[in-house]
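Trainee: Hi, could we go through this one together? I'd like to get my bearings before I set anything up.
Mentor: Happy to. Let's put it on screen.

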Amino acid sequence: MALHALFGGTFDPIHLGHLAVVEALAQQIALERVIIMPNNVPPHRPQPEASSAQRKAMVELAIAGNPLFGLDDRELRRDTPSYTATTLAQWRQQHGYQQPLGFIIGQDSLLTLPTWHQADTLLNQCHILVCRRPGYPVKMASEAHQRWLESHLTDDVSRLHNEPAGCIWLADTPLFDISATAIRQRLHQGRTCADLLPAAVERYIREQGLYRHAPDET
Ligand code: ATP
């Protein structure tokens, strides 16, 4: 069955690491479509530097003309925290429970995943597709979390296509040493990031005067 996946994140800004790693994953496991879902950051958490509208606009520019990707702004339209478990439950209500569905994360996010809101329900709704990321171990922080990971791991790609949910796939994707944090820091220092961003996103950032100053600069 056609395998679709959701890809959540702050995307402040979306960068070539996001796109390249997901393109590689898509090739590897025959992902048909990836829906990028920028999240709403609740008021008590450090706020993204770009507004919701700007983060959405940058995703639109980054994926324009690329049929692999789509954008879903449901989390941006909510004024409550973006809980992946809630979003996935809503997605399933709308799209049914039979279609296989992936949720893409980087290795750093896998390490924190057991602490996510209603983490134990996530694998009822989707497969977790994990992309490699430089600097993060493949080992979970506790024995219990490591056992949980191992009990869901599969290296049988057909399960991702034939079962609606329930597997964790550790993808053998290339390492891209790119993070939004590093990009923002370089831009704060007035340095260029043309090698790390899609050209249209880089242009948008310049036109909007985004990331010119660190948030704590007066
Ligand atoms: P920040 O530096 O602001 O935390 P980020 O670059 O990690 O941002 P997010 O929007 O937080 O970007 O990431 C969304 C998802 O993409 C997360 O699951 C993250 O692990 C993954 N991701 C981001 N950059 C990479 C990368 N270079 N390689 C693999 N996965 C990545």
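Mentor: One term before we start: a residue is buried if 20 or more other C-beta atoms lie within 10 Å of its own. Keep in mind too that this is a predicted model.

Trainee: Got it. With that cut-off, how many residues of S4 are buried?
Mentor: Six of its six residues, so by that definition S4 is mostly covered.

Trainee: Which residues sit on each side of S4?
Mentor: Leu101, Phe103 and Ile105 are on one side, with Gly102, Ile104 and Gly106 on the other, and both faces are covered. That fits a general pattern. In a regular strand the side chains alternate between the two faces of the sheet.

Trainee: What order do the strands take in the sheet?
Mentor: The sheet is open, with six strands in the order S3-S2-S1-S4-S5-S6 and parallel pairing. Strand S3 (69-71) and strand S6 (168-170) are at the edges with a single partner strand each, so one side of each has no neighbour in the sheet. From one strand to the next, the twist averages 25°.

Trainee: And what packs on it?
Mentor: Helix H1 (residues 16-29) does, touching strand S1 (3-9), strand S2 (31-38), S4, S5 and S6. The direction of H1 makes about 150° with that of S2. Helix H2 (residues 52-63) lies across S2 and S3, at about 160° to S2.

Trainee: Back to S4 for a second. How many bridges join it to S5?
Mentor: Five, between S4 (residues 101-106) and S5 (residues 127-131). Phenylalanine 103, for instance, has isoleucine 128 in S5 as its bridge partner. On the S1 side there are four bridges, again in the parallel sense, and histidine 4 is partnered with leucine 101 of S4.

Trainee: What about proline 100, buried or exposed?
Mentor: Buried, because 20 other C-beta atoms lie within 10 Å of proline 100. This proline is in the loop between helix H4 (84-95) and S4. Beyond its neighbours within four places in sequence, its contacts include Met1, Leu3, His127 and Pro164. The C-alpha atoms of proline 100 and alanine 165 are 6.1 Å apart, although 65 residues separate them along the chain.

Trainee: Switching topic: which residues come nearest to the ligand?
Mentor: Gly9, Gly17, Gly106, Ala180 and Thr181, out of 18 residues around the ligand. H1, S4, helix H5 (107-112) and helix H9 (180-188) each give two or more residues to that shell, and H1 gives the most, with three.

Trainee: How do the shell residues divide by type?
Mentor: Seven are nonpolar, eight polar and three charged.

Trainee: Any odd backbone geometry I should look at?
Mentor: Look at the loop between S1 and H1, where proline 13 lies. The peptide bond from aspartate 12 to proline 13 is cis, with omega near 5°. Phenylalanine 11 is in the loop between S1 and H1 as well, and has a positive phi of about 50° despite not being a glycine. Phenylalanine 11 is buried, with 24 other C-beta atoms within 10 Å. Tyrosine 211, in the segment after helix H10 (199-208), has phi near 60°.

Trainee: Last one: what does UniProt list for residues 6-186?
Mentor: An unreviewed UniProt entry lists them as "domain: Cytidyltransferase-like". In the model that span is 43% helix and 16% strand, and its end C-alpha atoms lie 29 Å apart.

Definitions and conventions: Residues numbered from 1 in each chain as written. Predicted model: local features only at pLDDT ≥ 70, side-chain atom pairs only at ≥ 80, totals over all residues. Pairing = 2+ DSSP bridges. Axes fitted to C-alpha atoms, helices over the stretch in contact; angles between N-to-C directions. Contact = placed C-beta atoms within 7 Å. Near = placed C-beta within 6 Å. Nonpolar A, V, L, I, M, F, W, Y, C, P; charged D, E, K, R; others polar. UniProt positions renumbered as here; feature names shortened; annotations may be inferred. Buried ≥ 20, exposed ≤ 12 C-beta atoms within 10 Å, placed from the backbone.
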